[in-house]
Amino acid sequence: MQALHTAATGMAAQELNVQVISNNIANLRTTGFKKQTAAFQDLIYEHVRRVGAQASDQGTILPVGVDIGGGVKTVGTPRSMTQGTLSQTGNDLDLAMSGEGFFKILMPDGTYQYTRDGTFQMDNQGRVVTAQGNPVQPTITIPNNASGISVSEQGQVSVTLPGSSTSSIIGQIGVTRFINKAGLQPVGSNQFTETPSSGPPQDGTANAEGYGKITQGSLEQANVDVVSEMSDLIAAQRAYEMNAKVISAADQMMQSTTALFR
């Protein structure tokens, strides 16, 4: 019976939907996390009677057809890149991006990855790095005798050196944007890589035209709405249960039909 297969595709789709929702909820407190949603499409149809076909020798046309659907399929888990709220931390190297752009990170293999997580620290060489120890680009090294680290909205990093009453600019934190930021590939650790879908990286300066500004002493929170996720979770659970009931009903009907012909 076709209904068994159709309902099974519905259960599989809702199982994936719950997986996506659970990942969003699990990352509720992950800095810079961008939530995902599950997108579905109906499967190919069996056209028992095609709409618009000729219904008689006199040329009458069928106003409606008989189309039997095959179920549902997953077509993507698009990521929402909307802005998350900013939370103040007071740490000098905690940086939040407001608006368009990502921080550019140099990986050990020489490639670049991109992140909205501005939880930066200093390594044993004084470089500004991520929690995994990878340098923020362009590489900025803070002298070990410096004090009063300041980062402007444009990404200029300034410190006060011994014997000086004024601050000195020691580097510039870059910002990178993409034509289609939703096309970036997530690789874990709050980081993304470019893909043909995202388009090439466009390096620029924070708070310039088309680029967001940097806020020192703050971090961008996840853009996950708990109420919305819980509502979606309940809806997915109900849809899964209804598909399970369809399978049970179809199985009982098939058994009854088989018994009649014995």
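**Note on the predicted model: domains, C-terminal region and two sites**

1. The protein is divided into domain 1, made of 1–27 + 38–75 + 223–259, and domain 2, which covers 83–219. The structure is a predicted model. Between the C-alpha centres of domain 1 and domain 2 the distance is 45 Å.

2. UniProt, in an unreviewed entry, lists residues 216–259 as "domain: Flagellar basal-body/hook protein C-terminal". In the model, this stretch is 77% helix and 9% strand. The C-alpha atoms at the ends of 216–259 lie 74 Å apart.

3. Helix α2 spans residues 226–260, and Met230 has its place there. Is Met230 buried or exposed? Neither term applies: Met230 has a relative accessible area of 39% and is therefore partly exposed, since that class lies between the 20% limit for buried and the 50% limit for exposed.

4. Met230 also belongs to a nonpolar patch on the surface, together with Ile25 and Val226. The accessible area of Ile25, Val226 and Met230 together is about 230 Å².

5. Where is Ser164 found? Ser164 sits in the loop that runs between β12 (156–160) and β13 (167–172). With a relative accessible area of 31%, Ser164 counts as partly exposed, because the value falls between 20% and 50%.

6. For a sense of distance from that loop residue, Gly84 can be taken as a reference point. Ser164 and Gly84 are 80 residues apart in sequence, and their C-alpha atoms are 38 Å apart in space.

Technical notes. Residues numbered from 1 in each chain as written. Predicted model: local features only at pLDDT ≥ 70, side-chain atom pairs only at ≥ 80, totals over all residues. Heavy atoms only, no water. UniProt positions renumbered as here; feature names shortened; annotations may be inferred. Helix = DSSP H or I, 4+ residues; strand = E, 2+ residues; numbered from the N terminus. Domains from an automatic or database assignment. Buried < 20%, exposed > 50% of the residue type's maximum accessible area, 1.4 Å probe, protein only. Patch = residues over 30% accessible without salt bridge, like charges linked within 9 Å, V, L, I, M, F, W, Y side chains within 5 Å. Areas by Shrake-Rupley, 256 points an atom, 1.4 Å probe, with all protein chains shown as cover. Salt bridge = Lys/Arg side-chain N within 4 Å of Asp/Glu carboxyl O.
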